[in-house]
Amino acid sequence: MSSLRIEPFYEGPAGSGQGGWTSRQFAEHLDGPHSIALRHHVPLGQELTIVRSDTVQLRHGDTLIMEATPWEPDAVMTDPVLIEDAAQARSRFIPFLDDDISMTCFSCGMQSSSMQVHGADLGDGRYATDWTVPEWATSPLSASGALWAALDCTAAFYVCGSDGERMAYTVQYAVDQRREVVPGERVAIVGWSGDYEPRWDGRKRGAASAAFTENGEVIALARSFWVSANINN
């Protein structure tokens with residue numbers, strides 16, 4: 001029986017492993033592309049067990065954390081975003097999510113050690129940020145884990161900021177990564193509605209995200225689904 005552990009550095013929402021990073025670590029134990037359902041917050045520093053039945057599950061004791069099902073990649077495309085345009089968007093970033101929830105995220109938090117994934121309005125309805133693969137991401141797994149986290153957080157800023165500000169959590173995530181990234185590589189990441197309706201449906205909303213090289217080459221495409229933390233909406 002396989003297992004994995006999400007170290008406290010890779011925190012996302014306060015007290016929980018970051019969803020994109022954890023999804024990539026889980027995906028390392030899967031055969032082929034999968035869509036991953038996030039069922040519960042991810043315990044930090046604890047042994048998580050991979051259980052194979054009709055689906056592949058990530059569990060902490062009796063608690064189901066994630067569940068993976070085979071996926072035929074169907075993430076949608078958008079026009080490439082220039083890195084400098086993405087950097088200009090990030091320069092306009094203003095924190096708006098609950099600091100108690102998002103301040104310490106290793107990907108999008110405001111602390112100096114975060115990856116500074118700060119998506120902001122590109123001016124055409126999409127949200128974008130430039131991003132540099134961190135120097136600590138020295139293995140293909142850690143580098144792609146960092147990329148999946150950045151794609152997740154960029155989609156989060158689109159979801160949480162583009163149709164009224166509200167906090168939301170990823171409940172489904174799938175990534176079609178086309179090639180590896182390496183430490184020091186700078187890319188543009190964009191989040192948008194994808195093929196979902198560009199508005200909240202009650203507490204539900206879908207999104208897409210993509211990473212591009214400086215030449216407009218697609219590095220990865222992702223789709224995600226979100227649920228608002230506000231039970232009144």
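Student: How many of the 22 residues of α4 are buried?
Tutor: This is a predicted model. Buried here means under 20% relative accessible area. By that cut-off α4 is mostly covered. The count of buried residues in α4 is 20 of 22.

Student: How far apart are the end C-alpha atoms of helix α4?
Tutor: Helix α4 covers residues 140-161. At 1.5 Å a residue, its 22 residues should span 32 Å. The model agrees with that, so the end C-alpha atoms are apart by 32 Å.

Student: Is C160 buried or exposed?
Tutor: Look at its relative accessible area, which is 0%. The cut-off for buried is under 20%. Therefore C160 is buried.

Student: How many disulfides does a search of the whole structure find?
Tutor: A disulfide is a covalent bond between the sulfur atoms of two cysteines. The cut-off is 2.5 Å between the sulfur atoms. For C105, the closest cysteine sulfur is in C108, 3.7 Å away, which is too far for a bond. The search of the whole structure finds a total of 0.

Student: Which cysteine sulfur is nearest to that of C160?
Tutor: C160 is in no disulfide. The nearest cysteine sulfur lies 9.2 Å away. That sulfur belongs to C108.

Student: What is the relative accessibility of C105?
Tutor: C105 counts as buried. Buried needs a value under 20%. The value for C105 is 3%.

Student: How many residues of helix α1 are buried?
Tutor: Helix α1 runs over residues 19-27. Its buried residues include G19, W21, R24 and F26. The helix is mostly covered, with a buried count of 9 of 9.

Student: Which residue caps the N-terminal end of α1?
Tutor: Look for a side-chain oxygen by the backbone nitrogen of G20. The two atoms lie 2.7 Å apart. The oxygen belongs to Q18.

Student: How many helices and strands are in the protein?
Tutor: α1 and α4 are among the helices. The full count is 4 helices and 11 strands.
That fold can also be sized as a whole. The radius of gyration is close to the 17 Å that the globule rule gives for 233 residues, so the protein is as compact as a globular protein of that length. Its radius of gyration is 16 Å.

Student: What percentage of the 233 residues count as buried?
Tutor: The protein exposes about 10,300 Å². Carbon and sulfur atoms supply 47% of that area. Counted by residue, the buried share of the protein is 54%.

How values were computed: Residues are numbered from 1 along each chain as its sequence is written. This is a predicted model: local features need pLDDT of at least 70, side-chain atom pairs count only at pLDDT 80 or more; totals for chains, interfaces and linings use all residues. Side-chain values use heavy atoms; hydrogens and water are left out. Buried means under 20% relative accessible area, exposed over 50%, partly exposed in between (1.4 Å probe, protein chains only). A polar contact is a pair of N or O atoms within 3.5 Å; within protein, one must be able to donate a hydrogen and the other to accept it, and residues adjacent in sequence count only if both atoms are side-chain atoms. The expected span of a helix is 1.5 Å times one less than its number of residues. The radius of gyration is taken over C-alpha atoms; the globule rule is 2.2 Å times the number of residues to the power 0.38. Accessible areas come from the Shrake-Rupley method with a 1.4 Å probe; for residues, only the protein chains shown count as cover.
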